[in-house]
Amino acid sequence: MLDNYHSPRTSREWLRILARYRDPSNRRSLFELAVTLVPFVILWALAWMALSVSWALTLALAMVNGLFLVRLFIIQHDCGHGAFFTNRSAQDWLGRLLGVLTLTPYALWRRTHAIHHAHHGNLDQRGIGDVLTLTLDEYRARSPSGRFRYRLYRHPVVLFVLGPSYLFFLQNRIPIGAMKSERRSWMSTMGTNASIGVMLGLILWLGSFLPVLLIFLPTTIVAATIGVWLFYVQHQFEETHWYTGENWQIHDAALDGSSHYVLPQPLRWLSGNIGIHHVHHLYSRIPFYRLPDVIRDHRELAEAQRLTIRESLAGVKLHLWDAHQEKLISFTEARARYQLD
């Protein structure tokens, strides 16, 4: 069960407190970039050299490097929030360059992620930058085939095995949905695609198809899978926060609808402290390396919305928002409690 520690302060009061943590340090940001990007490049080189020794060793190094690619994505993520450098142009260019490595068009992702932050927890504003979550009534109103499609979508194999590769290798290659008509989204996507093409062309030219197969693909798939998992558990827990528009409040949804995913070191470091997600959602301009300072200084936030790894695994079985109980429930509970087919 998620530990719901209720802070005596309101979410609006927390905003004033958290404002003191928002300013990035350019020196610290450059350091965090270096200690992430340099090992990433070194592991890439070691994996390439290992091709002549052992394909298994190459694959192992590539999979480990997926962890550093996750951290590079967190840096790109902070750039999108304007939280990495004091100069906006510098962090936007860094975000674009990192987007080539993470296979994520920077401008398109920044736009969809901003929508996610602006509407998370609002039942009237779903569909962009989130994991599809139906209410119990919506699921009940669907046809048998519609229910089957939703159950298939929420199956762990689809969400965490097939989904990450689809998202990063296919969906990110073409602006779809509400973003497809935006010129900037198309330019960002096509520019990123062209840069990825050049990168892959250089790899093929220098080393044949093996580095793509045994280094590039495993590194990206591991990072994508971890990234999707982190995004899922940060909002898909039993007592999360979902309300219709008239009852929804953005700051309450940010604080109460995002988990504090308690990870051990070095996983916390490799994930860029993104597990402190309730603080991030409440004040997204705080650099990722200052999030530990927040929970160190404020016990209320350190104890709020705590989610352990074991508890997060149990959350995979939660599929529907039950507005009556104000919590996520499983298909099994829905069938038992509400006699759903």
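**A walk through the predicted chain**

Of the 341 residues in this chain, 50% count as buried. The model is a predicted one.

Secondary structure comes next. The chain contains 17 helices and five strands. Its radius of gyration is 21 Å, close to the 20 Å that the globule rule gives for 341 residues, so the chain is as compact as a globular protein of that length. Taken along the principal axes, the box filled by the C-alpha atoms is roughly 60 × 50 × 40 Å.

Contacts show how the chain is put together. Among contacts with a separation of 6 or more, 70% come from residues 24 or more positions apart.

The surface can be described in a similar way. The chain exposes about 16,200 Å², and carbon and sulfur atoms supply 63% of that area. As for charge, there are 34 positive and 25 negative side chains. The centres of these two sets lie 7 Å apart.

A single residue, Leu-59, can serve as an example. Leu-59 sits in helix H3, which covers residues 55-80. Is Leu-59 buried or exposed, or partly exposed? Its relative accessible area is 33%, and buried would require under 20% while exposed would require over 50%, so Leu-59 is partly exposed. Leaving aside residues up to four places away in sequence, Leu-59 touches Leu-214 and Pro-218. Leu-206 offers a further reference point: Leu-59 and Leu-206 are 147 residues apart in sequence, and their C-alpha atoms are 18 Å apart in space.

Notes:
Residues are numbered from 1 along each chain as its sequence is written. This is a predicted model: local features need pLDDT of at least 70, side-chain atom pairs count only at pLDDT 80 or more; totals for chains, interfaces and linings use all residues. Side-chain values use heavy atoms; hydrogens and water are left out. Helices (H or I, at least four residues) and strands (E, at least two) are DSSP runs, numbered from the N terminus. The radius of gyration is taken over C-alpha atoms; the globule rule is 2.2 Å times the number of residues to the power 0.38. Buried means under 20% relative accessible area, exposed over 50%, partly exposed in between (1.4 Å probe, protein chains only). Contact means heavy atoms within 4.5 Å. Accessible areas come from the Shrake-Rupley method with a 1.4 Å probe; for residues, only the protein chains shown count as cover. Lys and Arg count as positive and Asp and Glu as negative; His and the chain ends are not counted. The place of a charge is taken as NZ of Lys, CZ of Arg, CG of Asp or CD of Glu.
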